[in-house]
Amino acid sequence: MDQLWFYEKHTRGYGVHWKVKKVLHTEKTRFQELSVIDTVEWGKTLVLDGNIQVTERDEFIYHEMIAHIAMNSHPHPQKILIIGGGDGGTAREVLKHDSVQVVDLVEIDERVVENSKIYLPTMACAFNDSRLKLHIEDGIKFVQDTSQSYDLVIVDSSDPIGPAVELYSSRFYQDVYQCLRQDGMIAVQSESPVFYQDIFVKVFQNLSSVFPVVKVCLAPIMTYTAGPWSFTLGSKKRDPARIADDKKVIDGLKYYNGDLHRSAFILPQFIKDMLR
Ligand code: SAM
């Protein structure tokens, strides 16, 4: 049988080939091209508009980092808002914390949730948790209209194209600020400082224009092939680089631990220089 390869174009001069066992599903939703492919190296993989979102094999790194850094720097996070995250992986990690009472997950594209439930059950299992409330709507509008207040807002969005563009703006961050409690925090995936330096720096600047404390941490995500991946946290009061006093770090995780929480904020010089 002919070999099947998925070609992921990162920049004008760089792309990656993924050997594919089977194309499990593909459709054009109201918002984006959506595919689920079963890859030889990384297992089942969600692709949106040609960009890899999550793979079965390495999703634990991204989802543990985007969830547990923020969850552990807050002493008692109870109400969490997740914008995006329609595969369920981030919510799965957040729901591991006993302090959590409510997770509002706001995903614009219902087809991402439905396909994740079929093809990515190890992530979409979060949708079975009674504490999770799924809202199929635009996260930008949700934070503008909501009267709810949250301990944490996690923005697990796709890349800044299509419906996600405004999720990287200072206007959106201002609206998030308004729906955070007095010691609340926002955690966002802020792209690759190597390939998307302009977006990475802009997110830092936009968050810094709204939050008094803004810090960047890094993690190596094997399938985001541009070296370190960044997560940027904006905080009203607390230090995201510091695990809250008396916090019991959850056992049984695969990537995150207490030592790593602290070390993830130690940045290489070239990235520190970008943020000056
Ligand atoms: N973990 C993946 C990553 O690292 O890039 C992304 C997770 S998830 C697949 C990203 C989600 O953000 C997509 O399902 C997309 O539909 C959703 N999204 C994009 N723009 C949105 C918006 N304005 N409001 C809510 N969800 C949005």
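**Two sheets and two pockets**

OK, let's start with one pair: H25 stands opposite V36 in β3. This is a predicted model, with residues numbered from 1 along each chain as its sequence is written. Local features need pLDDT of at least 70 and side-chain atom pairs 80 or more, while totals for chains, interfaces and linings use all residues, and side-chain values use heavy atoms, without hydrogens or water.

So, where does that pair sit? β2 covers residues 14-28 and β3 covers 33-39, and seven bridges tie them together in an antiparallel arrangement. (Strands are DSSP E runs of at least two residues, helices H or I runs of at least four, numbered from the N terminus; two strands pair if DSSP finds at least two bridges between them.) V23 is also bridged to β3, and the partner there is I37. To get from β2 to β3, the chain takes a hairpin of four residues.

Step back one strand. β1 and β2 also pair in the antiparallel sense, again over seven bridges. On that side, E8 is set opposite V16 of β2, and the hairpin from β1 to β2 uses two residues.

Put those together and you have an open sheet of five strands, β1-β2-β3-β4-β5, with antiparallel pairing. Which strands stand at the edges? Those are β1 and β5: each has a single partner strand, so one side of each is left without a neighbour in the sheet.

Now the other sheet. Here seven strands line up as β8-β7-β6-β9-β10-β12-β11, open again, but with mixed pairing. β8 (132-136) and β11 (213-220) are the edge strands, and because each has a single partner, one side of each lacks a neighbour in the sheet. Zoom in on β10, residues 180-189, and β12, residues 228-235: they run antiparallel and share five bridges. One contact to click on is A187, whose bridge partner in β12 is L233.

Just before β8 there's a cysteine to look at: C125 sits in the loop between α4 (121-124) and β8. C125 is 38 residues away from D87 in sequence, and the two C-alphas are 9.3 Å apart in space.

Right, pockets. Who lines the largest one? There are 43 lining residues, and the closest to the centre are Q53, S157, S158, D159 and Q189. (A pocket is an open set of 1 Å grid points where a 1.4 Å probe fits, with protein on both sides within 12 Å along at least five of seven lines; lining residues have an atom within 4 Å of a point.) Six elements give two or more residues each to that lining: β1 (4-11), β4 (43-48), β5 (51-55), α1 (59-73), β6 (79-84) and β7 (102-107). The largest share, four residues, is from β5, which is also an edge strand of the five-strand sheet.

And why is this pocket between the domains? Domain 1 (5-55) and domain 2 (59-242 + 252-275), with bounds from an automatic or database assignment, both give residues to the lining, so the pocket lies between them.

Last stop, the second largest pocket. P75, H76, K96, H97, D98, S99, D246, K247, K248 and I250 make up its lining.

That's the tour. If you have the model open, start with H25 and V36, then go over to Q53 by the centre of the largest pocket.
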